[in-house]
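This report describes selected features of one protein model. The sequence and the structure are displayed below, and the description follows under short headings.

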Amino acid sequence: MASAPWSNPLMPYHHTRRYVGKVKAVIFDWAGTVVDCGVFAPAYTFVEIFKGEGVAITDEEARGPMGTHKKVHIQKVLELSSVRKRWMEAHDGKPPTEDDIESMYKKFVPLQRQVLKNHGDMIEGVVTVVNHLRLHCGLKIGSCTGFTSPIMADLKEIAASQGFIPDVIVTADLVPQARPCPHMVWLNAIKLDVHPIEAIIKVDDTVDGIREGLAAGCWTVGVAKTGNYMAASEKQMADMDTVEYARRLKNAYNILAECGCHYVIDSVKDLPPVIDDINRKMASGERP
């Protein structure tokens with residue numbers, strides 16, 4: 001008896017279903033994307049935590065792994081040869097241990113919660129755009145962050161008082177692995193009850209946050225002007241020398257573009273036209 005055609009492993013698969021609908025949800029990062037323009041709260045906290053260990057780190061060193069789980073962030077800073085050298089000089093030649101990392105992380109959480117009280121301002125235009133996406137585009141609003149649940153317990157209340165209340169908040173301690181792994185995006189999709197994954201846009205200001213979205217399989221939008229690589233508050237940008245401003249912004253755009261994100265914009269204010277363009281692409285059968 002001849003075998004059934006579907007049992008032939010060499011038989012080609014002729015039909016692929018493509019999603020041709022519209023965007024259903026946007027998942028926002030927090031610091032540098034919707035709140036704390038310039039990402040000062042975590043950067044300052046990392047500098048202070050290392051200072052407490054007798055090790056001075058620069059703002060650039062503190063910002064390097066931004067977007068990851070904060071315990072992983074501490075570990076990655078300690079892996080920098082320059083920081084590791086300073087650590088060993090300050091600790092009688094002994095390298096940092098897992099116990100050191102755990103101790104620093106435990107100090108990080110309460111200090112970060114305190115610092116966020118002074119760095120919890122919503123970025124200009126975010127609340128207006130999110131309200132527009134909800135009311136006029138019918139989109140669900142998710143969010144995820146390298147912060148953990150105790151930190152977000154404070155930050156979400158600060159944000160809510162300013163009008164930003166996402167439908168879902170996923171923190172780094174709620175998944176087996178945080179950024180750049182895709183788990184936080186997938187958990188958002190589950191909690192938001194949104195599928196397919198290409199109907200979701202991930203918006204983030206860090207390389208690991210963009211890689212998270214790419215790994216998940218959704219569209220990604222990098223935020224350059226208000227984020228970690230511009231590293232400037234709204235007031236600082238307003239007062240900044242035009243040459244320095246252009247240099248920093250170009251650098252931020254380059255970093256985000258080179259990590260593979262689909263779009264790079266100045267800020268969340270510029271997101272609606274991007275959504276329109278993604279809707280156009282998906283209507284013609286394009287995928288992320």
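## Ile265 in strand β6

Ile265 belongs to strand β6, where helices (H or I, at least four residues) and strands (E, at least two) are DSSP runs numbered from the N terminus. The residue is buried, because its relative accessibility is 6%; buried means under 20% relative accessible area, exposed over 50%, and partly exposed in between, with a 1.4 Å probe and protein chains only. The model is predicted: local features need pLDDT of at least 70, side-chain atom pairs count only at pLDDT 80 or more, and totals for chains, interfaces and linings use all residues. Residues are numbered from 1 along each chain as its sequence is written, and side-chain values use heavy atoms, with hydrogens and water left out.

Beyond its neighbours within four places in sequence, Ile265 is in contact (heavy atoms within 4.5 Å) with Val221, Gly222, Val223, Ala224, Lys225, Tyr253, Asp270, Leu271 and Val274. The C-alpha atom of Ala224 lies 6.2 Å from that of Ile265, although 41 residues separate the two along the chain.

## The sheet

Strand β6 (263-265) is one edge of an open sheet, and β3 (170-171) is the other edge; each pairs on one side only. The sheet has six strands in the order β3-β2-β1-β4-β5-β6, and the pairing is parallel. Two strands count as paired if DSSP finds at least two bridges between them. Strands of a sheet pair through backbone hydrogen bonds, either parallel or antiparallel.

Four bridges link β1 (residues 25-28) with β2 (residues 140-145) in the parallel sense, and Val26 has Ile141 of β2 as its bridge partner. Helix α8 (residues 183-192) packs on the sheet and touches β1, β2, β3 and β4 (200-204). The direction of α8 makes about 150° with that of β2; axes are lines fitted to C-alpha atoms, for helices over the stretch in contact, and angles run from 0 to 180 degrees between N-to-C directions.

## Loops with cis peptide bonds or positive phi

Two loops that adjoin α8 hold a cis proline. In the loop between β3 and α8 is Pro180, joined to Arg179 by a cis peptide bond with omega of about 10°. In the loop between α8 and β4 is Pro196; the peptide bond from His195 to Pro196 is cis, with omega near -5°.

Asp36 and Asp92 are residues other than glycine with positive phi, near 60° for Asp36 and near 55° for Asp92. Asp36 lies in the loop between β1 and α1 (40-52) and is buried, with a relative accessible area of 5%. Asp92 lies in the loop between α4 (81-90) and α5 (98-116) and is exposed, at 73% relative accessibility.

## The largest pocket

The largest pocket holds about 220 Å³ of space. On a 1 Å grid over the protein atoms alone, a pocket is an open set of points where a 1.4 Å probe fits, with protein on both sides within 12 Å along at least five of seven lines; lining residues have an atom within 4 Å of a point. Grid points are joined across faces, edges and corners, and the volume is the space filled by probe spheres set on the points.

The lining consists of Asp59, Glu60, Arg63, Gly64, Asn228, Tyr229, Ala231, Asn251 and Ile255. Helices α2 (59-63) and α11 (242-258) each supply at least two of these residues, and α2 provides the largest share, three. The lining divides into three nonpolar, three polar and three charged residues; Ala, Val, Leu, Ile, Met, Phe, Trp, Tyr, Cys and Pro count as nonpolar, Asp, Glu, Lys and Arg as charged, and the others, Gly among them, as polar.
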